[in-house]
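Reader: I'm new to reading protein structures. Could you walk me through this one, a piece at a time?

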Amino acid sequence: MARVSWADLEAVYAVTKFETDGTGRLTISNQAILNTLLLVEADEDAMADSGMAVLTDRDKLELGQEALVQFNSPRTSLGRFARTFANLIAGSSARVEEPSAYFVVDQRITRNTQPPDELQVKYRAALGLIKLLAQAAAFLDKVQQELVFFRDGRIVVPVNYGIDDLMSIETSHVHQLIKMFEEPVHQEQKLAILSEAIIDLVAGLPVNQRFRFIMREVSDLTEKVTAGYRLFASSFTYSKIRREVETAQAEFITRIHKTFVDLQGQILAIPLATIVVASQLKAATACGVDVWTNVAVVAGAWIFVLFLIASIVNQWLTLNAVTFEFERQQQRLLRDFSQVKTDFNDAFDRLKCRAFWHRVVFVVIGAVGVGGASFATWAAGKLIGVDIQSCL
């Protein structure tokens with residue numbers, strides 16, 4: 001059998017005149033309402049899910065007729081049925097999160113009521129404030145409905161408030177406070193400032209009065225956070241950002257350059273080694289000292305190349321580490337100072353270009369070394385006119 005849905009219940013609530021004893025009278029104005037009442041009357045599961053009991057005889061449930069229904073709370077997963085808004089926010093987790101579906105008898109409002117009732121506007125402002133405070137807190141316990149902060153111990157702010165507290169909240173001040181955190185620049189610092197301001201605001205207050213006091217003093221909280229952030233920002237000027245970038249750039253250029261300097265001695269040895277190899281190779285037509293001199297010279301050339309390649313690999317890995325570090329620095333600066341990223345992003349692009357050309361140079365050096373040793377091997381093979389194995 002079909003299950004009752006929240007839309008079915010909401011359609012019934014919308015046309016019902018509720019009484020103080022929990023009953024309500026409605027005129028069955030369309031087939032959808034009639035089908036819902038018939039389903040609830042016939043199916044015990046539908047009756048339990050809906051929280052409704054049809055008190056009118058089944059044979060009198062017809063279009064255009066009046067029906068008497070007993071109303072109770074439906075299954076929680078369907079939605080919330082509340083007599084007053086105070087009953088609604090007293091429900092599980094309702095003070096920290098708006099229920100996905102609900103109907104309030106007194107104001108005859110639902111989650112989708114347009115335009116929202118004044119209480120809904122205040123309620124949603126309070127939820128927005130709680131969501132922001134949850135970011136500044138160590139954590140928000142939705143089951144216990146409490147915010148937890150830490151400073152010289154654990155500081156708990158239970159999220160408990162009533163209708164009077166909702167009516168006292170200034171939505172414009174809440175929106176002003178929330179707007180401060182829409183820009184991601186210095187988000188961590190702003191949240192830390194907010195956390196300190198909240199702790200200072202509620203220090204010394206009875207636990208159960210803390211959140212109510214925050215709701216009443218949102219304007220004061222906003223002023224404290226604004227002043228705290230202004231003080232922080234005043235010590236973080238554009239020139240300081242630029243100076244930090246230039247210092248980082250100079251440091252990374254030095255470290256990149258060092259990877260090349262460490263190879264310079266071996267690079268300079270390549271031409272010298274080539275001259276030595278060329279001058280030491282001799283024509284050898286018979287087994288003797290000249291054969292073994294040529295073999296030793298070629299072996300020395302390859303040993304030199306192997307050490308050169310090992311040094312190049314080591315410097316390549318060092319260059320990779322330096323590149324990774326300045327890319328990480330770039331990402332941090334882009335995250336923290338996104339508003340001026342175009343002013344210093346080119347500096348990091350130049351560092352990447354420099355690192356790329358250093359890698360090209362490493363490859364060329366390695367290729368020259370291997371080429372030189374290979375040429376020496378070929379030349380020695382041409383000059384040695386005997387089978388080396390026969391000389392062993």
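Reader: In what order do the four strands of the open sheet lie?

Author: Happy to help, and keep in mind that this is a predicted model. The pairing in this open sheet is antiparallel. Its edge strands, β1 (16-18) and β3 (52-54), each pair on one side only. Reading across the sheet, the order is β1-β2-β4-β3.

Reader: Which residue in β4 is the bridge partner of Thr-23?

Author: Look at strand β2 (residues 23-27) and strand β4 (residues 66-71), which are joined by five bridges. Their pairing is antiparallel. In β4, the partner of Thr-23 is Gln-70.

Reader: Which strands does helix α1 touch?

Author: Helix α1 covers residues 6-14 and packs on the sheet. Its direction makes about 70 degrees with that of β1. The strands it touches are β1, β2, β3 and β4.

Reader: How far apart are the end C-alpha atoms of α2?

Author: Helix α2 (residues 31-42) lies across β2, β3 and β4, at about 95 degrees to β3. It has 12 residues, and at 1.5 Å a residue they should span 16 Å, because the expected span is 1.5 Å times one less than the number of residues. The model agrees with that: the end C-alpha atoms are 16 Å apart.

Reader: Which residue caps the N-terminal end of α2?

Author: Follow the backbone nitrogen of Ala-32 to a side-chain oxygen 3.2 Å away. The residue that supplies this oxygen, and so caps the helix end, is Asn-30.

Reader: What do the buried residues of α2 pack against?

Author: Buried here is under 20% relative accessible area. In α2, that group holds Ile-33, Leu-34, Thr-36, Leu-37, Leu-39 and Val-40. They pack against α1, β2, α3 (44-50), β3 and β4.

Reader: Why is strand β9 described as largely enclosed by the rest of the structure?

Author: Strand β9 (residues 146-150) pairs in the antiparallel sense with β8 (residues 139-141) over three bridges, and with β10 (residues 154-158) over five. Leu-140 stands opposite Leu-147, and Glu-146 stands opposite Pro-158. The strand counts as largely enclosed because, of its five residues, the number buried is four.

Reader: Which residue in the turn between β9 and β10 has a positive phi?

Author: In the hairpin of β8 and β9, four residues lie between the strands, and Gln-145 has a positive phi of about 55 degrees. The hairpin of β9 and β10 has three residues between its strands. There, a positive phi of about 55 degrees belongs to Asp-152.

Reader: What percentage of the protein's residues are buried?

Author: The protein has 13 helices and 10 strands. Of its 392 residues, the buried ones make up 39%.

Conventions. Residues are numbered from 1 along each chain as its sequence is written. This is a predicted model: local features need pLDDT of at least 70, side-chain atom pairs count only at pLDDT 80 or more; totals for chains, interfaces and linings use all residues. Side-chain values use heavy atoms; hydrogens and water are left out. Two strands pair if DSSP finds at least two bridges between them. Helices (H or I, at least four residues) and strands (E, at least two) are DSSP runs, numbered from the N terminus. Contact means heavy atoms within 4.5 Å. Axes are lines fitted to C-alpha atoms, for helices over the stretch in contact, and angles run from 0 to 180 degrees between N-to-C directions. Buried means under 20% relative accessible area, exposed over 50%, partly exposed in between (1.4 Å probe, protein chains only). A polar contact is a pair of N or O atoms within 3.5 Å; within protein, one must be able to donate a hydrogen and the other to accept it, and residues adjacent in sequence count only if both atoms are side-chain atoms.
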